[in-house]
Amino acid sequence: MDHLSLLDAQNPQTPGDGSFPSSSPFLHRDIFQPVHNAPVIKQKKLINIVHHLHFSGTPVFALVIDKQYDESYLLPCSIESCSPGEVRCRWPQGALPVPADVQFQDLIAEDGLSLIRFPIRVIEFNEEGFSTAIPENAFLLGKRCVRRRVCRGVSVVMTQNGFTARGDLIDFSPQAFRVRLIPDANGTFIWMNADAPCSIQLSRNERSLFSGTCHCIRRTGGQFETQLVLSPAGNEIFRFQKRKKRAPRLRLMPAFSAHFDHPLFREPIQRDIHNLTFAGFSVRETMEEGV
């Protein structure tokens, strides 16, 4: 399940009246419809999850309803403390104050693989944050096939039939990745055909990381700034020519392991080496943790 309800925690948009901290409009209420069929997370396990979010510094989102405009927003916040029966959340530093008349509905945590929703009952609310009681049950609303990783510092260039747009990489998975783009001068996304393939180049500090043809899976935004979810046209990348005769492959016991920093999301990765030859080696990974 692709949770578009969480748009972009790193560079969210601010509602028009400027009264909220940096937030994202909540557009997919339909994911709450099958909540009665969703797996239930009991309070004891939920407390452990909250502690993990606290110590790892993972941001969470407060789902609030603006009664004046009848619109829902996701407000990013961080867990400041967790005591028995109560969680304290803090707004981002420098955020605009949240109006006192907003209605808090849920707290949502997302780790790139699963989405957890737990109803909240606000105990205290002020300009710095709010505290809420820990509910008896939370709900696991869905689980992606592959974990999505947040990316920073990767620039993107998209070209299609003479149209060029530039921007940055938002997140990545082996199946698809999401980019934020702005057209070159005097350009507009009216000139882009979302049904036709486009050429994508990803780079960091002028070093090329990926270049290839991609298909647009989804597009959101306007004429002068948009977000695209793209999928590479080819399932495999052939950097070297295939050999006529396959070299014998060996499996070592105990197995070696490969350690590297992923070039897109800059996290240390470790994978066991499945087999190797004098020309190269293969690694094994699970689908949901694929990189």
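Aspartate 184 is partly exposed, its relative accessible area being 28%, where partly exposed denotes the range between buried (under 20% relative accessible area) and exposed (over 50%), evaluated with a 1.4 Å probe and protein chains only. In this predicted model, local features require pLDDT of at least 70 and side-chain atom pairs count only at pLDDT 80 or more, whereas totals for chains, interfaces and linings use all residues. Residues are numbered from 1 along each chain as its sequence is written, and side-chain values use heavy atoms, with hydrogens and water left out. The side chain of aspartate 184 forms a salt bridge with that of arginine 166 at 3.2 Å, N to O; a salt bridge is defined as a side-chain nitrogen of Lys or Arg within 4 Å of a carboxyl oxygen of Asp or Glu. The pair links distant parts of the chain, with arginine 166 in strand E13 and aspartate 184 in the loop between strand E14 (177-183) and strand E15 (198-204), 18 residues apart. Arginine 166 is likewise partly exposed, at a relative accessible area of 44%.

By the same rule, the count of salt bridges comes to 12. One of them joins the side chains of arginine 147 and glutamate 289 at 2.9 Å, N to O. Arginine 147 lies in the loop between strand E10 (137-143) and strand E11 (149-150), and glutamate 289 in the segment after strand E20 (281-284), so this pair ties together parts that are 142 residues apart in sequence. Arginine 147 counts as buried at 16% relative accessibility, while glutamate 289 counts as partly exposed at 23%. A further salt bridge is formed by the side chains of arginine 148 and aspartate 171 (3.8 Å, N to O). Because arginine 148 lies in the loop between E10 and E11 and aspartate 171 in strand E13 (residues 163-172), parts 23 residues apart in sequence are tied together. Arginine 148 is buried, with a relative accessible area of 17%, and aspartate 171 is buried at 6%. Glu80, Arg88, Arg90 and Glu128 are joined into one network by salt bridges that share partners.

For the chain as a whole, the secondary structure comprises one helix and 20 strands, taken as DSSP runs numbered from the N terminus (helices, H or I, at least four residues; strands, E, at least two). Of the 291 residues, 43% count as buried. Among contacts (heavy atoms within 4.5 Å) with a separation of 6 or more, 59% involve residues 24 or more positions apart. The chain exposes about 17,300 Å², of which carbon and sulfur atoms supply 51%; accessible areas come from the Shrake-Rupley method with a 1.4 Å probe, and for residues only the protein chains shown count as cover.

The largest nonpolar core contains 27 residues, and those with the most contacts inside it are Ala62, Cys77, Trp91, Phe104, Leu107, Phe118 and Phe130. Such a core is a set of buried Ala, Val, Leu, Ile, Met, Phe, Trp, Tyr and Cys residues joined through side-chain atoms within 4.5 Å. Elements that give two or more residues to this core include helix H1 (43-56), strand E3 (60-66) and strand E4 (71-83). E4 supplies the largest share, five residues. A second, separate core of 25 residues includes Val156, Phe163, Leu169 and Phe177.

Aromatic pairs number eight, under the criterion that ring centres of Phe, Tyr and Trp (its six-membered ring) lie within 6.5 Å, with planes under 30 degrees apart counted as stacked, over 60 as edge-to-face and the rest as tilted. The rings of tryptophan 91 and phenylalanine 130 have centres 5.3 Å apart and planes at 45 degrees, so the pair is tilted. Tryptophan 91 is located in the loop between E5 and E6 and phenylalanine 130 in strand E9 (residues 129-133), 39 residues apart. Both are buried, tryptophan 91 with a relative accessible area of 5% and phenylalanine 130 with 0%. The rings of phenylalanine 104 and phenylalanine 130 also form a tilted pair, because their centres are 4.9 Å apart and their planes are at 45 degrees. Phenylalanine 104 is buried, with a relative accessible area of 15%. Trp91, Phe104, Phe125 and Phe130 form one aromatic cluster.
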